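Student: I should like to understand how the terms used for a protein model are justified. May we go through them one at a time?

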Amino acid sequence: MKYVAANGEVIPDQGCKVLNVVLEKGQKRTMQFNLAKVTKPLAAVSQICKAGHKVVMNLDGAEGSYIEHKQTGERIAIHMENGVFVMDIWV
């Protein structure tokens, strides 16, 4: 597998890793990442949804964007920075 950067550079996939993360409100979770030489990891909305969540994105940049676990109703806030939605996590 490989990825293509915005500038056309091909970035090889270096495998997969499950990491323990802490969300902005202190919740401990695990997230699966594909490894590659990048400076900012990306999350695929399709994979988040396959894992039992729904994603709500408010495109005008106002509050109200989140990832919600369908069974528990727990929400993780996401916000827009420079035209990209961001989720604050600590690894």
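Tutor: Let us begin with a definition: a disulfide is a pair of cysteine sulfur atoms within 2.5 Å. Please keep in mind that this is a predicted model.

Student: How do you know that Cys 16 has no bond to another cysteine sulfur?

Tutor: The closest cysteine sulfur to that of Cys 16 belongs to Cys 49, at 18 Å. The cut-off is 2.5 Å, so the sulfur of Cys 16 is too far away for a bond. For Cys 49 the closest cysteine sulfur is that of Cys 16, again at 18 Å and too far for a bond. In agreement with this, a search of the whole structure finds zero disulfides.

Student: Why are Cys 16 and Cys 49 called partly exposed?

Tutor: Buried means under 20% relative accessible area and exposed means over 50%, with partly exposed in between. Cys 16 has a value of 43%, and is therefore partly exposed. Cys 49 has a value of 33%, and is therefore partly exposed as well.

Student: What makes Leu 42 count as exposed?

Tutor: The relative accessibility of Leu 42 is 78%. Exposed means over 50%, so Leu 42 counts as exposed. Leu 42 is found in the loop between β4 and α1, the latter covering residues 45–50. Leu 42 and Val 86 are 44 residues apart in sequence, while their C-alpha atoms are 9.2 Å apart in space.

Student: Why is Met 1 called exposed, and which residues does Met 1 touch?

Tutor: Met 1 has a relative accessible area of 74%. The limit for exposed is over 50%, and Met 1 is therefore exposed. Its place is in the segment before β1, which covers residues 2–4. Leaving aside residues up to four places away in sequence, Met 1 touches Pro 12, Asp 13 and Asn 34. Met 1 and Gly 15 lie 14 residues apart in sequence and 9.0 Å apart from C-alpha to C-alpha.

Student: What is said of the phi of Asn 82, and why does Asn 82 count as exposed?

Tutor: Asn 82 has a positive phi of about 50° although it is not a glycine. Its relative accessibility is 81%. With exposed meaning over 50%, Asn 82 therefore counts as exposed. Asn 82 lies in the loop between β8 (79–81) and β9 (84–86).

Student: How do you know that β3 and β4 pair?

Tutor: Two strands pair if there are at least two bridges between them. Strand β3 (residues 16–23) and strand β4 (residues 28–34) have seven bridges, in the antiparallel sense. The criterion is met, and the two strands therefore pair. Lys 17 stands opposite Phe 33 in β4, and Asn 20 stands opposite Thr 30 in β4. The hairpin of β3 and β4 has four residues between the strands, and there Gly 26 takes a positive phi near 90°.

Student: What makes β3 and β10 a pair?

Tutor: β3 and strand β10 (residues 89–90) are joined by two bridges in the antiparallel sense. The requirement is at least two, so this pair qualifies. The bridge partner of Val 22 in β10 is Trp 90.

Student: Why is one side of β4 and of β10 left without a neighbour in the sheet?

Tutor: The order of this open sheet of three strands is β4-β3-β10, with antiparallel pairing. β4 and β10 stand at the edges and each has a single partner strand, so one side of each has no neighbour in the sheet.

Student: How do you know that β6 pairs with β5 and with β7?

Tutor: Again at least two bridges are needed. Strand β5 (residues 53–56) and strand β6 (residues 66–69) pair over four bridges in the antiparallel sense. Three bridges join β6 to strand β7 (residues 75–77), and these also run antiparallel. Both counts satisfy the cut-off, and so both are pairs. His 53 has His 69 in β6 as bridge partner, and Ile 67 has Ile 76 in β7. In the hairpin of β6 and β7, with five residues between the strands, Gly 73 takes a positive phi near 80°.

Student: How many helices and strands does the protein have?

Tutor: The protein has one helix and 10 strands. From the N terminus, the elements run β-β-β-β-α-β-β-β-β-β-β.

Conventions
Residues are numbered from 1 along each chain as its sequence is written. This is a predicted model: local features need pLDDT of at least 70, side-chain atom pairs count only at pLDDT 80 or more; totals for chains, interfaces and linings use all residues. Side-chain values use heavy atoms; hydrogens and water are left out. Buried means under 20% relative accessible area, exposed over 50%, partly exposed in between (1.4 Å probe, protein chains only). Contact means heavy atoms within 4.5 Å.
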